[in-house]
Amino acid sequence: MWHSSRLKSARMSLFKSGVFCAGTIVSSFVILAYVEEQRLKNERKEQVNFWGKLQYYVGNLHSNTLKSHNAKFNNRLTWELENTWSSLTSAQKTLSALILANTAVFIGWKIPALVPFMQRHFLHSPLSSPHTLLTSSFSHSSFLHLSFNMIALSAFGGWIHQELGREQFLFMYLSAAVTSSFVSQAWKVLVGRENMLHIPSLGASGAIMSLFAATAHRKDISIGLILLPGIHVPSNVAVAGMAAVDAYCLLFRSATSRFDHAAHLGGSAFGYIYPIYIPKLLWENKRSILGFDK
């Protein structure tokens, strides 16, 4: 067991992390619910987005002043990029932004001068600063880890984004990220093994597991088995099986496993519960919660 002073520090850190977790969930809801309400309001009024107008006029002014061949080439390239971006669906844009954010953090790990900064701000352990609950969920130190998680994000995220829409999807994703990190920290503190104090966590797995678990409510989705190519099982069976594996590894293989099974289970539980309660509890009542109906 840890020395009493270290245990007190770990418990105090857990309390601070709990406050940060709750604060992140509440603030994310307020901001994203407001954004969704404004977007729906603009759509109802068929208003043209102000920033879209600004970009249009600035783009025209800029293109009219370009004279050289290189400038024309750059303008053409910009147009191609903008055209490609505008052709993406809402889900593709959201997922692309998340993938770019994770990739940017991954690049940070590969710059030697930034490694101390990354270790302080993009790893989470029982004694880390509370903000690493969130930042560590965008952090991957190996290309294989990043690739696997981003492929899973693209696969499961598209289904859930289609169900929820952009704002609710982002709320679910960010809430699951901090919740799964908090569950991981709580497990390490409550188990009370001294060696677990020094085990950091990172990666988007907790948030992605929430998306995976949410597919259990979709009867039209089947999941392919990586180890048995060509074989698919209903999503609810796959979710239950993965949860059972994580639970077994957490209880009996945590000393040797390199995966954060507590975060996986926390994310899975959050993702499974979310579609049942949260849309009705929060999003259907967002106008009254935010005071729009007063």
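This is a guided tour of the structure, stop by stop, with a selection to make at each one.

**Before you start**

The model is predicted, so local features need pLDDT of at least 70 and side-chain atom pairs count only at pLDDT 80 or more, while totals for chains, interfaces and linings use all residues. Residues are numbered from 1 along each chain as its sequence is written, and side-chain values use heavy atoms, with hydrogens and water left out.

**Stop 1: the annotated spans**

Select residues 12-35, 95-118, 138-157, 169-187 and 199-216, which UniProt, in an unreviewed entry, lists under "transmembrane region"; such positions follow the numbering used here, feature names are shortened, and annotations may be inferred rather than shown by experiment. Keep residues 169-187 in view, a span that is 100% helix and 0% strand, with end C-alpha atoms 27 Å apart. Then turn to residues 199-216, where the chain is 56% helix and 0% strand and the end C-alpha atoms lie 31 Å apart. Helices (H or I, at least four residues) and strands (E, at least two) are DSSP runs, numbered from the N terminus.

**Stop 2: helix α4**

Select residues 90-109, the 20 residues of helix α4, which should span 28 Å at 1.5 Å a residue; the end C-alpha atoms are 30 Å apart, which agrees. The expected span is 1.5 Å times one less than the number of residues in the helix.

Now colour the buried residues of α4, among them Leu95, Leu98, Phe106 and Trp109. Buried means under 20% relative accessible area, exposed means over 50%, and partly exposed lies in between (1.4 Å probe, protein chains only). Seen down the axis of α4, its buried residues fall within an arc of 165 degrees, so they line one face of the helix; the arc is that of the directions from the helix axis to the C-beta atoms. What covers these buried residues includes α5 (115-121), α7 (143-164) and α8 (166-191), where contact means heavy atoms within 4.5 Å.

**Stop 3: helix α9**

Select residues 205-214, helix α9, in which 10 of the 10 residues are buried, so the helix is largely enclosed by the rest of the structure. The buried residues include Ile208, Met209, Leu211 and Phe212.

**Stop 4: lysine 8**

Go to helix α1 (residues 4-45) and pick lysine 8, which is exposed, with a relative accessible area of 60%. Add valine 189, which is 181 residues away along the chain, and find the C-alpha atoms of the two residues separated by 9.9 Å.

**Stop 5: the salt bridges**

A search of the whole structure finds 5 salt bridges, each being a side-chain nitrogen of Lys or Arg within 4 Å of a carboxyl oxygen of Asp or Glu. Select lysine 286 and glutamate 37, whose side chains meet in a salt bridge (3.7 Å, N to O). Lysine 286 lies in helix α12 (residues 286-290) and glutamate 37 in helix α1, so the pair ties together parts that are 249 residues apart in sequence. Lysine 286 is buried at 10% relative accessible area, and glutamate 37 is buried at 5%.

Add arginine 287, which forms a salt bridge with glutamate 37, the closest N and O atoms being 2.2 Å apart; arginine 287 counts as partly exposed, at 32% relative accessibility. With Glu36 also selected, you have a network of salt bridges that links Glu36, Glu37, Lys286 and Arg287.

Finally, select arginine 39 and glutamate 167, whose side chains meet in a salt bridge (2.9 Å, N to O). This pair links helix α1 with helix α8, with the two residues 128 apart along the chain. Arginine 39 is partly exposed at 29% relative accessibility, whereas glutamate 167 is buried at 4%.
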